[in-house]
Each structure stands twice: as C-alpha cells, then as structure tokens.
Amino acid sequence: MPNRRFARRTHRDAARFAAAGEHRRALPAFAAAAAEYRDRLAGHPGDRASREDFADLLASTASSHAALGEYPAAFAAERERAQAAEPLGAVGAARARQRLDFAESAVRAGRLLTAAVQADAALNALDDTDPNDPAAPGFADLASALARAARVFGRAADPDLAVGAADQAARMLLAAGRQDALLRDSLRLAAALHAAAGRGAHARGAKELLGKYFPDAEPLTAPNLVTLRTALETATARGAFTDPTLIRRLCPDPAGRAAPPTPTARCDLGLAAVALHAAEPAVEALARVSPGLAWRIATEVHYLLAAADRHGERNLHLNFRDHGPVWVAMLMTLVEDGKRGPLMADLAFALSGLCDRLHTRHAAPEYEPLIRATQRFIAAHPDR
C-alpha cells in the first residue's frame, strides 16, 4: 500500500541534503519518495495534493541531477514532472516557469527540438500580459520568461528569435527595475548576436548597458549564427525555394521594436502549412550540401508548425492527412545514417508523435514507405 506520509518525510530529508549541496545523498531519497508517489497516483489519479507534491519532488530531483552534471537524468525528471503536473492545470506564470524549467533541462541534455518548442509554449502562457506597461499584472514574470527563453533560443533556434527575445527582455527588466543575472545574460546575448550580424549600433547599445550595470561581465561568444532568413535566401539562390515574398513574411526585422521573440510571434500561424510545403523541397535540396542550412529551415518550420498545432490552427488540423506526411518527410530529411546521440533521439521523439497522429488519421497508402522508414528510425533511437 503506497505510504504518502513516508513519501513526504523522505522528500523532506532529501531536500535537506540537496540544500546542503549533498546531491549524491539526496538522489536515492528522492527516488524512494518518487516510487511512493507513482504508486499512490496509479491508484488515486485524482489525488491533487499527492500530484502537487510529486511534481515538486521531480523538480528537486532534476535540480540535483543538474547540479551533478547528469543532464539526461535531469531532463527525464523534468519531462516526468511535466506529465505529472499536466492534470493540475497550472496557468500563467506558474505554467511558464514549469515549461521553461523543462526547456532549460532539454537544452543541457542536447534535446534542442524539445527545448525550443517548450520555451515557445512557456511564453504562450503569458500572452495576456501587456509587455509595454511595467505596472501591468505579470509584467515582471513575462520579462523573466523572455530572458530565460532567449537563452534557450540562443542554443536551439534562429538567432534572430534569440536576439528579439533578449532585446525585449532587457527593455522590460530595466523598466521593472531589475538588475540581476537575467538582465546580464540578456544584454550579453544581445550584444554578441547584434555584433555578429553586423548591427554595430545595436551591439554598442547593449554593450554600454552591460558595462553600466555589470562592469565585470565577460563578453559572450555568439552562438550559431545561421538564421532562417539566411538559409531561405541561400535556398532561393540555388533555386530550391521559390517564394521570396514568404521570406519577408516569415522573417521580420530582428532589430526592430516589433522583432518577434518566439516562433509563435514570427508570423500569422495560418502561414505554417504554407511554409511547410514551400520549405520541404528546400530542406531536401540542401540536406547533403549544406546540412546546417537544412537544419535551420526544417527546425524553424517545425517550431512554427508546433505552435500552430498548439493553437488549434484550423487548416493544419482539418487537413493533417495532407500536411502531416510532408512534415514527417521534412524532418526525415535530417536523419543521418548511423548517427546517434540526444539530437537524433529528440528527432525520433518528434517523429513518433507525428506518426501516431497519421496512424489515427489513416494517412494515404502512398505514404506507407515513408511511415515505415520513419518507424525504423524511431525504433533505432529509443527515447530513454
């Protein structure tokens, strides 16, 4: 019989070890408490208090694993936390924080597709917040979330989204009177990305603020600088992308005041399916000769599709039997024979969800070879 009292007591003991920095001692106790909560919820799934305690326990478990550099284990704990907490129906800032914890654990574990999708979803939870009014409810929460998302996008997404999020976060944090590590990181990221893209005035502005508030901050080396705009323009020059007007709609100015800070904000989500069908041939054409460009196009379109799917975009849902196979084909173009690692596992995880949906929608028979090839790839990269 599951013992909730034992689970709580063991959780408290583990938390004390973790607070003292004794994470190796904390983890076995966390695991013992987690086993009790799993058993309890298996028999009483509606026990809200146990579910809340279990979610908190998993967050602490993830933190201890991360402190020890055990990033795959931290990611696994955060993913289980997200699954356990889903029925609780958290909204607003609480939901944003939870999803950003998941996104950050995914980045550290090399699960970049999951990281970007979760960071985008986190900011969607704060859609009702006015980003232009420091007195508005939730303003500080949105500023913090944008700063955390910028760090994720800097590793996992289009640098133009990362710099848009970093710039907006810095403006909002300063307006809120915040001068903490989130502001420092936002300014460092903005300065590095603007400088790397040749936007000298913007880079100098970020560096001046960084020097003013954080004179001892080390400069940041810009992360991956392959932008979606660059990738699509290259594909156009090679005759693999034939809709230049779509580039303008998908890639707003990253230095403007209205720069999109997330995949959701990139464009009207009704363009997601249009972008998919335009981009899939470009990804296929570039995959062998310019794999970095192919990855940028495919992943950004994937993030946009995930956002449209999450928001219930009508065309994508009603016509998934038509769009889904193209989505799968685009991601399968990224598969590298024999390659292993967290990024391939993450790709397999994304494909698994799409294949499940295509199965329930009874995809047309001509796609059966594609689905079989995808299932073989998924089987070869089990999601542990």
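Among contacts in the chain between residues at least 6 apart in sequence, what percentage join residues at least 24 apart? The figure is 68%. Keep that in mind as you turn this predicted model around in your viewer.

**Whole chain**

Start with a cartoon view of everything. You should find 18 helices and zero strands in the chain. The radius of gyration is 22 Å, close to the 21 Å that the globule rule gives for 384 residues, so the chain is as compact as a globular protein of that length. Along the principal axes, the C-alpha atoms fill a box of roughly 65 × 60 × 40 Å. If you colour by burial, 52% of the 384 residues count as buried.

**The largest nonpolar core**

Next, select Ile 297, Trp 327, Met 330, Leu 331 and Leu 347 and show their side chains. These are the residues with the most contacts inside the largest nonpolar core, which has 102 residues. Now highlight helix H14, residues 291–310: this helix gives the core its largest share, twelve residues. In soluble globular proteins, nonpolar side chains tend to be buried together.

Stay with Ile 297 for a moment and look at its partners beyond four places in sequence. One group to select is Leu 228, Ala 231, Leu 232 and Ala 235, and another is Ala 279, Ala 282, Val 283 and Leu 286; Ile 297 is in contact with each of these residues.

Another core lies apart from the largest one. To find this core of 15 residues, select Ala 14, Phe 30, Leu 41 and Ala 84, which are among its members.

**Two cavities**

How many cavities of 30 Å³ or more does the structure hold? There are two.

For the largest cavity, with a volume of about 50 Å³, select the lining in three steps:

- Asp 158, Asp 160 and Leu 161 are part of the lining.
- Leu 228 and Arg 229 also belong to the lining.
- Cys 251, Pro 252, Pro 260 and Arg 266 complete the lining.

Helices H8 (159–175) and H11 (228–237) are the elements that give two or more residues to this lining. Colour the lining by class and you will see five nonpolar, no polar and four charged residues.

Now move to the second largest cavity, which holds about 30 Å³ of space. Its lining consists of Leu 228, Leu 232, Leu 250, Arg 266, Glu 300, Val 301 and Leu 304. Two elements, H11 and H14, give two or more residues here, and H14 gives the most, with three. By class, this lining has five nonpolar, no polar and two charged residues.

Leave Leu 228 and Arg 266 selected for a moment: they line the largest cavity and the second largest cavity as well. Leu 228 is also one of the contacts of Ile 297.

**The largest pocket**

For the last stop, select Arg 99, Val 117, Gln 118, Ala 306 and Phe 349. Of the 24 residues that line the largest pocket, these lie nearest its centre. The pocket contains about 720 Å³ of space.

Which helices should you colour around this pocket? H4 (71–85), H5 (92–108), H6 (112–124), H14 and H17 (342–360) each supply at least two lining residues. The largest share, six residues, comes from H17. In a view coloured by class, the lining divides into ten nonpolar, six polar and eight charged residues.

Conventions: Residues are numbered from 1 along each chain as its sequence is written. This is a predicted model: local features need pLDDT of at least 70, side-chain atom pairs count only at pLDDT 80 or more; totals for chains, interfaces and linings use all residues. Side-chain values use heavy atoms; hydrogens and water are left out. A nonpolar core is a set of buried Ala, Val, Leu, Ile, Met, Phe, Trp, Tyr and Cys residues joined through side-chain atoms within 4.5 Å. Buried means under 20% relative accessible area, exposed over 50%, partly exposed in between (1.4 Å probe, protein chains only). Helices (H or I, at least four residues) and strands (E, at least two) are DSSP runs, numbered from the N terminus. Contact means heavy atoms within 4.5 Å. On a 1 Å grid over the protein atoms alone, a cavity is a set of points where a 1.4 Å probe fits but cannot get out, and a pocket is an open set with protein on both sides within 12 Å along at least five of seven lines; lining residues have an atom within 4 Å of a point. Grid points are joined across faces, edges and corners, and a volume is the space filled by probe spheres set on the points. Ala, Val, Leu, Ile, Met, Phe, Trp, Tyr, Cys and Pro count as nonpolar, Asp, Glu, Lys and Arg as charged, and the others, Gly among them, as polar. The radius of gyration is taken over C-alpha atoms; the globule rule is 2.2 Å times the number of residues to the power 0.38.
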